[in-house]
Amino acid sequence: MHRRAEAGSLVRSTSADNRELVAGDTIAAISTPVGEGAIALVRVSGANAIDVADKIFRGKEKPSKFASHIQHFGEIVDEAGRLIDQVMMSIHRTPASYTGEDLVEISCHGGTLVSAKVLEACLQAGARAARPGEFTERAFLNEKMDLTQAEAVIDLIRAKTDLALRSATEQLEGRLGDKIKNIRDALVDLIAHIEASIDFPEEGIAPDGGEKLRARLDTIRQEISALLATADQGRILREGVRVVIYGATNAGKSSLLNQLLGYERVIVSETHGTTRDTIEEMINLRGVPIRLLDTAGLRTSTSDLEREGIARTERSLQLADLRLHVVDRSAPKPAHFEKQTANGNEIVLLNKSDLVEHHDWKQFDALPISCVTGQGLPDVENEILSRITRQNLRAESAVAINTRHRDCLRRALESCDRARRTMDDGLAPEYVAVDLNGALRAVSEVIGAVDVERILDSVFGQFCIGK
Ligand SMILES: Nc1nc2c(ncn2[C@@H]2O[C@H](COP(=O)(O)OP(=O)(O)OP(=O)(O)O)[C@@H](O)[C@H]2O)c(=O)[nH]1
Ligand SMILES: [Mg+2]
């Protein structure tokens, strides 16, 4: 079974290489946001982090004598020994730290200048400024977390709703990573089995009769497909559902946006063509992040400016996950109406239901609302949620892959499909093994176990500095 070990070590050896990438310099950054606050956190990580701390800290004890993870009160001083700030400092010794390296955390006062001076002292004492995401990158390279967990840190920071937060937390705990590792292990087993039968035909390791092999591969394909099916949910949780409000001028689109937001975000007026540009706001609809877009009203216009606005409306409509078509129930049916409602995922709202109904709308089946009295607005929210849930959200499953994962898993599935066809065609097991190895590489990329350098920049570039 020597092949099995080899397939496993493919994954492990790359991780060992990674560690060499890490050894080296010591980084420092302000980890809290820019601006005034009660405290700011400066972090230093790397082989010389404690050395740096010794040079800049003045207190009862030297930081190199601190017990790990205990806060100490003292002062930060510059090269000339001048006081910069009174701080709390803690040392987190390798490997029990966020980055896996020696890590120093300095809580100083929260002014922009104070934290900048503390950072400057760290840099003078031998650290260099960290790149965005470099602390988490080191955590990954030191095997404190897999790549899906590192990505979950970004999701966690950016989460705007409970559901998005839950999904990020579960990913951080390793739920997605575990699923990927199970798939990877199943592939490694399958490859090992097939390759053993190639290498030791005399030992009679018969490739699990054709049917059994096919069944094992099919299980793997199903598991990959199930994860791929969560991509839509992932996009929604990370970016929000795009809901576009559109309709004729003066129908009450901007009034609806304001109502759903709960404050007067957009100018509302009885003049036709008030809104000229698309306006986007994020709302949290019972845990689902929604990107709500108000658009320029549709009408035939002679103004270049307004025509550009209408062109933007049309572009937004093409990208919409859901459209809210607002009509004025007290006015005649607009000319564009039938044409527009025919396509797409759309909810028609009969606005101005507090006014006398125009006979065009008699027996027209749609949701009556009023942005003035508030009538029907809770129904709008319910309808939006039920449409989204029906389409692409499963609140019970918090695992949701991102576009990078989707790209890797699609390639993995293609390779598995090819392997399956090769089996069906009765070709030599060598060919099957080639395809399965391709699938193994693609699956391993999700957790960052292969081709590390290539994916790191794109993942960690999205972080803020100090994380
Ligand atoms: N009576 C009544 N008036 C409404 C209602 N909703 C909006 N209006 C009024 O209709 C007018 C147009 O509202 P807006 O929200 O600016 O309409 P819009 O669709 O954004 O218009 P454009 O930006 O010009 O395309 C304003 O005078 C609103 O006060 C409603 O439910 N009932
Ligand atoms: Mg408007």
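This is a short conversation about reading a few features of a predicted model.

Reader: Let's start with the rings. How many aromatic pairs does the structure hold?

Author: It holds two aromatic pairs. A general idea helps here: a pair of aromatic rings is described by the distance of the centres and the angle of the planes. Take Phe 57 and Phe 66: their ring centres are 5.6 Å apart and their planes stand at 90°, so this pair is edge-to-face.

Reader: And which residues form the other pair?

Author: That one is made by Trp 361 and Phe 364. Here the distance is 5.3 Å centre to centre, with 85° between the planes, and the pair is again edge-to-face.

Reader: Are these rings buried or exposed?

Author: Buried means under 20% relative accessible area. Phe 57, at 8%, therefore counts as buried, and Phe 66 is buried too, with 2%. In the other pair, Trp 361 is buried at 1%, whereas Phe 364, at 25%, is partly exposed.

Reader: Which residue lies over the face of Trp 361?

Author: That is Lys 333, at 5.5 Å from the ring centre. You can look for a similar arrangement at Phe 135: the charged end of Arg 43 sits over that ring, 5.0 Å from its centre.

Reader: Now the strands. How do strand 4 and strand 5 run?

Author: A general point first: in a regular strand the side chains alternate between the two faces of the sheet. In this model, strand 4 (residues 72-77) and strand 5 (residues 83-92) run antiparallel, joined by six bridges. To find your place, look at Phe 73, whose bridge partner in strand 5 is Met 88. The two strands form a hairpin with five residues between them, and Gly 81 in the turn has a positive phi of about 85°.

Reader: How many bridges join strand 5 to strand 6?

Author: There are five, and these strands also run antiparallel, with strand 6 covering residues 103-109. Here, Ile 91 stands opposite Val 104 in strand 6.

Reader: Last, the metal. Which residues coordinate the magnesium ion?

Author: The magnesium ion (ligand 2) is coordinated by Ser 254, through OG, and Thr 275, through OG1, at 2.0 Å. This pair links distant parts of the chain, with the two residues 21 residues apart. Ser 254 belongs to helix 10 (residues 253-261), while Thr 275 lies in the loop between helix 10 and strand 9 (279-285).

Reader: Are Ser 254 and Thr 275 buried or exposed?

Author: Ser 254 is buried, and so is Thr 275.

Definitions and conventions. Residues are numbered from 1 along each chain as its sequence is written. Chains are lettered from A and ligands numbered from 1 in the order in which they are written. This is a predicted model: local features need pLDDT of at least 70, side-chain atom pairs count only at pLDDT 80 or more; totals for chains, interfaces and linings use all residues. Side-chain values use heavy atoms; hydrogens and water are left out. Rings of Phe, Tyr and Trp (its six-membered ring) pair if their centres lie within 6.5 Å; planes under 30 degrees apart count as stacked, over 60 as edge-to-face and the rest as tilted. Buried means under 20% relative accessible area, exposed over 50%, partly exposed in between (1.4 Å probe, protein chains only). A charge sits over a ring if NZ of Lys or CZ of Arg is within 6 Å of the ring centre and within 35 degrees of the ring normal. Two strands pair if DSSP finds at least two bridges between them. Helices (H or I, at least four residues) and strands (E, at least two) are DSSP runs, numbered from the N terminus. Donors are N, O and S atoms within 2.8 Å of the metal (3.2 Å for Na, K and Ca); water is not among the atoms, so sites may look incomplete.
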